[in-house]
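Visitor: Please show me the protein and its ligand. I have some questions.

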Amino acid sequence: MRKIYFDHAATTPVDAGAAELVMQYMTGDFGNPSSMHGFGQAVRNALEEARKQVVAAIGAASVGEIAFCSGGTEANNMAILGAARANKQKGNHIITTAVEHHSVLSTCKYLAKEGFEVTILPVDHYGLVNVEDVARVITNQTILISIMHANNEVGAVMPIAEIGQMLKNLNRKIIFHTDAIQSIGKLPVNVDQLNVDLLTISGHKIYGPTGTGAMYLRRGTWWQPIMYGGGQERRRRPGTENAPAIIGLGKALEIAVANRVAYVKRITKLRDELVDKVLSRIPHVRLNGHPTKRLPGHASFCVEYIEGEAMMLYLDMQGIAVSSGSACTSGTPEPSHVLLAMGIPKELAYGSVRVTLGKYNTREEIDYFVEALTEIVERMRLMSPVAGSNCTPGACVSCSRAENK
Ligand SMILES: *Cc1c(COP(=O)(O)O)cnc(C)c1O
């Protein structure tokens with residue numbers, strides 16, 4: 001059977017060049033980067049090369065601003081817990097949004113138990129936060145703001161540079177964190193242009209190994225570690241570094257950033273074709289998120305009268321991998337918190353399917369997918385007791401269909 005992978009927001013295959021390096025540093029050139037002998041020092045050098053690759057990719061000022069860790073979730077925990085706890089004397093207010101990844105949202109919610117006040121900002125029908133809304137909820141207690149650069153589910157691109165500029169103008173030394181895990185390699189990511197103090201990335205979303213991540217911490221930002229142990233990563237993240245995988249992350253990031261412009265051009269075109277075909281072939285389907293402020297490979301749909309989970313499984317039976325809701329929430333019966341925060345009614349949110357393209361996808365795969373989806377939706381609607389009976393066109397406020405505009 002044919003196999004098509006359209007779930008790159010969940011994870012990506014490791015780039016062959018990066019995987020080769022991982023293998024090399026796991027087998028032949030192994031060593032503990034903290035060891036003073038030749039084995040260790042060779043790994044140390046390669047690890048520091050990966051750090052330079054991160055510095056170059058995000059426009060950081062120095063290697064001292066980068067700490068590697070075990071992934072995006074840990075990086076987000078380090079950024080948020082570390083900044084909040086270190087600045088507790090200055091204030092106790094944290095601002096985030098309703099559409100963050102759970103590794104941000106749950107961490108902020110947990111901090112309420114440590115005595116912090118957490119404001120969770122709403123988003124508009126496109127999944128975007130409003131800069132004025134952020135400004136409005138800032139108090140003299142606000143110490144930290146965490147807002148993602150691009151959303152993993154609908155691909156909405158947040159106005160991070162504008163928020164960063166607003167904070168700079170305020171000049172209140174509020175720490176600004178952005179989760180750039182979905183945006184790096186797809187959008188320009190520069191810590192000075194975005195005006196952020198903390199920025200987090202993950203290896204496996206950019207063709208690097210799973211279980212690797214990095215946190216950027218602007219020099220001079222008050223922050224404390226969340227774990228204690230050895231002196232690795234300048235005491236920011238103790239524990240023997242996963243050097244082979246981190247070296248792979250550095251390589252994957254370098255490749256992603258170097259090829260970004262060409263990649264975006266190609267993938268945007270493919271994605272637009274996919275969206276056009278799905279919307280024109282299948283009735284009662286809506287595209288979620290903003291028409292232009294979105295990640296290049298992202299397409300999230302709500303298919304009316306259909307259960308997204310079942311649709312995903314039918315596609316899987318034909319060898320096509322997509323997601324219904326975000327990967328982290330699949331398996332739970334609740335519809336995606338992102339779609340609900342965008343004001344999409346629950347019954348529509350249940351019918352969501354997320355297609356995320358990657359660098360190895362082709363036009364031919366798009367056609368195969370559209371054929372399969374059209375046939376599956378037709379079949380499912382024939383079986384559905386509600387299809388056609390209690391139709392509520394226009395109920396989906398982020399609808400992209402002409403009749404609902
Ligand atoms: C995948 C993802 C994470 C979590 O990263 P892991 O490396 O899987 O822990 C966090 N934020 C966003 C936006 C993501 O897409």
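Guide: Here are short answers on the ligand and one helix.

The model is predicted: local features need pLDDT of at least 70, side-chain atom pairs count only at pLDDT 80 or more, and totals for chains, interfaces and linings use all residues. Residues are numbered from 1 along each chain as its sequence is written, and side-chain values use heavy atoms, with hydrogens and water left out.

Visitor: How many residues surround the ligand?
Guide: A residue is near the ligand if one of its heavy atoms lies within 4 Å of it. T73, D179, Q182, S202 and K205 are the closest. The full count is 14 residues.

Visitor: How far is an oxygen atom of the ligand from an N or O atom in the side chain of T73?
Guide: A polar contact is a pair of N or O atoms within 3.5 Å. For D179, a ligand nitrogen atom is 2.7 Å from a side-chain N or O atom. For T73, the ligand oxygen distance is 2.6 Å.

Visitor: Which helix gives the largest share of the shell around the ligand?
Guide: Helices are DSSP runs (H or I, at least four residues), numbered from the N terminus. The largest share is three residues, within 72-86. That is helix 3.

Visitor: Why are the buried residues of helix 10 on the same side?
Guide: Buried means under 20% relative accessible area (1.4 Å probe, protein chains only). In helix 10, G308, M311, M312 and L315 are buried. The arc uses directions from the helix axis to the C-beta atoms. They lie on the same side because their arc is only 100 degrees.

Definitions and conventions
A polar contact is a pair of N or O atoms within 3.5 Å; within protein, one must be able to donate a hydrogen and the other to accept it, and residues adjacent in sequence count only if both atoms are side-chain atoms. Helices (H or I, at least four residues) and strands (E, at least two) are DSSP runs, numbered from the N terminus. Buried means under 20% relative accessible area, exposed over 50%, partly exposed in between (1.4 Å probe, protein chains only).
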